[in-house]
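Please examine the sequence and the model shown below before reading the report.

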Amino acid sequence: MAAPFANGAPNSKLVFEKSSFDDPKSSHERVLNTKYFTHNASIILPYSSSAAQLQFEISEIQDQQVTYLIRDVPVHQLVDKEFIEAFVKKGQLYILSQRRHIDTHNCAAVFPTGHLLLHITKDTYEQLGLEGKPSVFSSLKPTKYVVDIDLKPDSFTPGRKGYDRVLWCLKDRLGLTFDLLISWNPHDEKICASSVSKFFKSKGLVVSPVPWCVQTQWQNKVRTPVLDSTVVTATEDACGRAEAWEWLGAMACGIDLSESCADNYISTLSCPTPSGSCPRCCVLSVSGFFTPVTTKWLLEKVRNEVESKQEKNKVPWGSVTFHGFQDSPVSVGSREHGFFQEGDNLHSFLTFCNKDYWLYSAYGHHDLCQ
Amino acid sequence: MAAFADLHVASTDQQVLQDVFQTAIKLGFDWLAVNTFLTDLKGKGKKGQQQNQICQPEPVELTDQTRQLLKVEGRKVRQISRLTALLDDTTNTHKLVSPEVQAFDLLAVQPTNEAAFKLACCTLEVDIIVLNMTEKLSFYIKRPLVNLAIERGMHFEILYSPAVRDSTFRQNTISNALQLTSVCKGKNVIVSSGCEKAIELRGPYDLSNLGLLFGLSSPQSKNAVSKNCRAVLKHAEARKMMKSVVGVVKSSQLSPGDQWILDSKRPLSALPQTTQEIEQPPAKKGKT
Amino acid sequence: MTGDSEKHSYLRQVDKSPAPYFYIKTSLEYEGRGLETDSLQLKHVIMQSMTEVFGQVGASDTVDVLKLSASGEALLRVPSRSFVKLWGALTLFGKYNGLPCVFRVQQVSSSLMSLSCNSRTWDIPAMS
């Protein structure tokens, strides 16, 4: 009686990994390299005072990592031969459709591996005429299909049967268009990353740069949990990973924990014990469209902040969280991702001054996490 | 997945409808059906033509604000007209095949007694069977009848807005919905609002959770506002074609978007008439 | 400080069983115009909605109002076993003190961290 909807709550997954940046087998690089699309990074640095510096540096890298939003791109533009030769085959190209909900609309993405992925509804699929697979999250009668087109092979060229068929299917007939977020890292330093925007402008499309949105919040007199990188389950001397995870979330959401205690009527959430007092805690949030280059850079910055040996501004630990797009067709690598009631796919690094780190990866109900 | 749909907006006032549409679009619905309720199938006949005139509802004019919203998000909204007829007795159902009734996109009946329910499940050519769930049902929902209706591709509708309005309605709605879903095992159920005001609308994800309280499983309850609604629309399309799998359209009447069919090199399309399949195997018509 | 051998120890733990808590981001809207709500009143409204639909036993699990921002957006925390019930109760709640109102749920998640941003409501300045 008590639990008639036992299976009702979405089946989300949380993967916790503990490792060290010094470990040659550490997976942090791999994770970040294959997490192609990141929407937001939130950085939490207790005891830190130099966040202004960080903010300045962020605005500097922003100028190098320009991303563009292109409105109403006909999807056949992405299989344009000129485009493939200039951008897909050289450098690293990241494209994601924007403002389309992956559970109800058509979505598109291009990865640096040169794959064009179309997540399309049954109605579109039946008219499109390209071969695809039913989405792994669909039931016996699928309503969503995944079409995967490899743009890189040399045989994918005008005049060849396969190419002509793809072009014919995508062009003219269905009028599939997307608003696309594009970022391109050139293979050659002499080439400017903005050439991708010039290409689309020359096709008569509206291209606008996507600005980053940086927000810094200072919280004064915060209680912070005492953490030890080797203690994963809570003990008397240190908080465990679960407690730390909730605390980090509370900080990122700007929740004031100073007044709450276990018998409070409104909220019983409080800082886990044991805890220390911290005069100032910096919560910095950057939103935009980030590629692995930026996320790796941000992780590096947070590590520097934490691992710097200066006694004066000692930061025992710090955290950076990378939120993926809820409507991204993949979470990590080519692992399919969907949206059920939530589309979480986020990676959170909690770095310690001894170069250890904790990595939390949270995925929603529709994700193939093992 | 298919787009989210609310196949029952009960209001008929233009002003209110604009409001409802704006809220619904904001919440993420792409398909919206405005309902016309017919309390009596009799009417028209002996006593004169004017009585019980059924007319198509005016399409809802979207406000500029709504249009702006759609433009920014690059979405398209489909308006659907729907007629729900109260089915008191088993006579007069011939009216359902009359042209003015058939002009509606969707047809639904609301049987009030067992005989009418049986008729609706077994013979009537309609898309949706809706029961008044705000009161105790006067009859048992029988499994063979429901199975037959499911086999014929009809869907059962649960309206949630009465449950928002009143606590007695809420109790009855939940208990009737549980009765229905246990009989049909959660198959072919759609959840619609039946709302009269925008404030009674709930978001699609809210409904995918609410379905659990109605006895659906979580995939089923998300389907109840998306996939099953698509099936209802397909059923309506097929119903209009009568019992056929292939519809024939004159090549001169082909919509501009479908002109490519004529250009394809397939010998079939060289004929003056071209085939359009509904609901059947993917992509055949696209093959060159 | 930890020894070198422990330093490189790798550990992986996967939580597949339901998370202990679920978090809901929602706002309470009244018909026509917004009404001032404070967290005490909000908590009261939520408990009332739970009791209305599920009775005293159903409403016995604690719902925490973690935050109420100036814009009226509230963050709620609820034990997983009551998540479906709470969301259902919020959905079915339609009237407070005779005033029609509605809980608009913006986002749900099993980790609080997820609610700190929402890519679905991302408003790119360049777009508008």
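The report covers a sheet, the helices that pack on it, a contact between chains and a pair of helices.

## The model and its shared sheet

This is a predicted model. Eight strands make up an open sheet, and their pairing is antiparallel. The order of the strands is S11(A)-S12(A)-S2(A)-S13(A)-S14(A)-S15(A)-S1(A)-S1(C). At the edges are strand S11 (213-225) of chain A and strand S1 (11-15) of chain C, each of which pairs on one side only. On average, neighbouring strands of this sheet are turned by 15° against each other, direction ignored.

Strands of a sheet pair through backbone hydrogen bonds, in either a parallel or an antiparallel manner. Within chain A, strand S14 (residues 345-352) and strand S15 (residues 356-363) run antiparallel and are joined by seven bridges. His347(A) has Ser361(A), in S15(A), as its bridge partner.

## Helices on the sheet

Helix H7 (residues 241-252) of chain A lies across S11, S14 and S15 of chain A, as well as strand S1 (13-20), strand S2 (38-46), strand S12 (275-290) and strand S13 (317-324) of that chain. H7(A) runs at about 105° to S2(A).

Helix H8 (residues 292-307) of chain A also packs on the sheet, where it touches S2, S12, S13 and S14 of chain A. The direction of H8(A) makes about 165° with that of S13(A).

## Contact between chains A and C

In the contact between these chains, 47 residues of chain C meet 53 residues of chain A. Among the elements of chain C that give two or more residues to the side touching chain A are helix H2 (39-58), helix H3 (83-92) and strand S6 (99-109). The largest share of that side, five residues, comes from S1(C). By class, the side of chain C that touches chain A has 23 nonpolar, 13 polar and eleven charged residues.

S1(C) is also part of the sheet described above. S1(A) and S1(C) run antiparallel and are joined by five bridges. Leu11(C), in S1(C), is the bridge partner of Lys18(A).

## A helix pair in chain B

In chain B, helix H1 (residues 14-27) and helix H2 (residues 64-73) pack at an angle of about 20°, and their axes are 10 Å apart. The angle is under 35 degrees, and H1(B) is therefore roughly parallel to H2(B). The crossing of H1(B) past H2(B) is left-handed.

Phe21(B), Gln22(B), Ile25(B) and Lys26(B) in H1(B) meet Gln65(B), Thr66(B), Leu69(B) and Leu70(B) in H2(B). By class, this contact has four nonpolar, three polar and one charged residues.

Methods. Residues numbered from 1 in each chain as written. Chains lettered and ligands numbered in written order. Predicted model: local features only at pLDDT ≥ 70, side-chain atom pairs only at ≥ 80, totals over all residues. Pairing = 2+ DSSP bridges. Helix = DSSP H or I, 4+ residues; strand = E, 2+ residues; numbered from the N terminus. Axes fitted to C-alpha atoms, helices over the stretch in contact; angles between N-to-C directions. Contact = placed C-beta atoms within 7 Å. Nonpolar A, V, L, I, M, F, W, Y, C, P; charged D, E, K, R; others polar. Parallel < 35°, antiparallel > 145°, perpendicular 65-115°, else oblique. Left-handed = near helix turned anticlockwise from the far one by under 90°.
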